[in-house]
Amino acid sequence: MSYAFEAEGLVKRYGKTTALAGIDLAARTGTVLGVLGPNGAGKTTAVRILATLLRPDEGRAAVGGLDVVRDAAKVRRMIGLTGQYASVDEDLTGTQNLVLIGQLLNLRTAEAKARAAELLADFDLAEAAGRPAKTYSGGMRRRLDLAASLVGRPDVIYLDEPTTGLDPAKRDDIWNVVRTLVADGATVLLTTQYLEEADALADEISVIDHGRVIAHGTPASLKSVVGGQTILVRPADQARLADAAAVLAAVSGNQPESPSRGVVTVPVEGDAAFTEVVKRLDVLGISVTELSLRLPSLDEVFFTLTGRHTEEEDAA
Ligand SMILES: Nc1ncnc2c1ncn2[C@@H]1O[C@H](COP(=O)(O)OP(=O)(O)OP(=O)(O)O)[C@@H](O)[C@H]1O
Ligand SMILES: [Mg+2]
């Protein structure tokens with residue numbers, strides 16, 4: 001089995017903060033590794049080490065078999081990085097940004113221009129190509145940033161929370177780009193705070209927390225940690241909330257929860273339960289403004305693994 005990148009026992013400390021406490025990450029060539037974790041888990045730190053931008057205090061990492069510290073220059077030629085925060089030059093146009101990067105990568109000017117035009121078209125930025133990046137919307141900047149990381153046709157691509165803050169349509173565009181890159185043979189490391197995103201794109205997922213991998217597996221195996229799906233009901237009439245909860249309890253055999261005002265949720269094993277809930281709500285004349293069957297969220301997976309919510313501060 002060949003790994004496009006591999007990290008073993010990475011440790012990184014900032015004063016008293018341990019950003020990475022010894023993590024292992026690896027992706028086979030041509031696959032997507034999802035690195036899933038809440039704020040401060042160590043995602044960006046791990047990406048920066050794999051991208052040669054930061055030295056680990058302990059442990060080792062390699063890309064294409066080359067060490068990220070000793071062979072940093074060679075590693076840089078194989079990778080593309082889209083950071084968490086847009087890194088394009090605000091005063092340059094979309095085209096100028098991409099041509100500049102092409103030139104830094106030693107492409108001839110004509111080649112750099114051709115590559116820029118191709119990427120701008122792929123990312124739906126052709127019309128805005130001649131405008132300074134400072135006039136771009138957040139989603140456009142994110143796309144330009146992603147395009148910038150692909151100028152050199154890297155084999156290994158790191159995407160650090162590429163869709164945080166994007167609307168669903170733009171998020172789907174990015175997802176499609178990732179799928180195309182992988183279909184063309186690239187290997188992708190994608191960090192995200194959304195289980196749904198890791199589920200949609202990743203072959204394998206490493207869940208990290210406090211700089212440690214707390215779970216690793218396929219999307220299906222991670223979701224099975226929580227077990228099945230969740231049904232959510234929001235009765236139109238608040239007075240029927242208890243009745244709706246009773247229906248969920250009866251159908252699922254599980255204890256419903258009320259995660260926010262006016263809604264009740266319950267975990268279920270399969271989608272058959274959903275039809276049964278719909279029937280019973282109808283029989284009891286409980287009309288609803290929201291009714292859904294969904295996969296567990298990162299927070300639910302995280303809660304099952306750690307006993308706390310992703311947003312909770314640790315007592316320590
Ligand atoms: N340059 C730095 N100096 C000091 N502490 C740092 C530095 N970079 C990261 N940290 C700390 O290391 C920990 C991990 O940070 P990191 O940015 O890797 O998390 P993350 O998983 O990317 O979080 P987010 O989802 O918010 O982007 C955090 O506690 C953070 O405060
Ligand atoms: Mg980060």
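Which helix lies across β11, β12 and β13? In this predicted model, the element in question is α10, formed by residues 272-283. Its axis runs at about 15° to that of β11.

The strands beneath this question form an open sheet of 3 members, arranged in the order β12-β11-β13 with antiparallel pairing. Because β12 (264-268) and β13 (288-294) each have a single partner strand, they stand at the edges, and one side of each is left without a neighbour in the sheet. Between neighbouring strands of this sheet, the average turn is 10°, with direction ignored. The pairing of β11 with β13 can be followed in more detail: β11 covers residues 229-235, and 6 bridges join it to β13 in an antiparallel arrangement. Within β13, E290 is the residue that stands opposite R234.

Attention may now turn to the nonpolar cores. The largest of them comprises 69 residues. Those with the most contacts inside this core are A46, L50, L98, A147, Y158, V188 and L189. Helix α5 (residues 138-150) supplies the largest share of the core, namely 6 residues. Y158 illustrates how residues distant in sequence meet: leaving aside residues up to four places away in sequence, Y158 touches V47, L50, A51, I79, L81 and L189. Of these contacts, L50 and L189 are themselves listed among the residues with the most contacts inside the core. Apart from this core there is a second, separate one of 12 residues, which includes V251, V264, V266 and A273. Two of the elements already introduced reappear here, since the range of β12, 264-268, takes in V264 and V266, while A273 falls within α10, residues 272-283.

Two loop residues deserve separate comment for their backbone geometry. Most residues other than glycine have a negative phi. N106 departs from this pattern, with a positive phi near 70°. This residue lies in the loop between α3 (94-104) and α4 (109-122). Is N106 buried or exposed? N106 has 10 other C-beta atoms within 10 Å and is therefore exposed, the limit for that class being 12 or fewer.

The loop that follows, between α4 and α5, contains D124. D124 is likewise not a glycine, and its phi is positive, at about 60°. Its surroundings place D124 in another class: with 13 C-beta neighbours inside 10 Å, D124 counts as partly exposed.

Methods
Residues are numbered from 1 along each chain as its sequence is written. Chains are lettered from A and ligands numbered from 1 in the order in which they are written. This is a predicted model: local features need pLDDT of at least 70, side-chain atom pairs count only at pLDDT 80 or more; totals for chains, interfaces and linings use all residues. Two strands pair if DSSP finds at least two bridges between them. Helices (H or I, at least four residues) and strands (E, at least two) are DSSP runs, numbered from the N terminus. Axes are lines fitted to C-alpha atoms, for helices over the stretch in contact, and angles run from 0 to 180 degrees between N-to-C directions. Two residues are in contact if their C-beta atoms, placed from the backbone, lie within 7 Å. A nonpolar core is a set of buried Ala, Val, Leu, Ile, Met, Phe, Trp, Tyr and Cys residues joined through C-beta atoms within 7 Å. A residue is buried if 20 or more other C-beta atoms lie within 10 Å of its own, exposed if 12 or fewer, and partly exposed in between; C-beta atoms are placed from the backbone.
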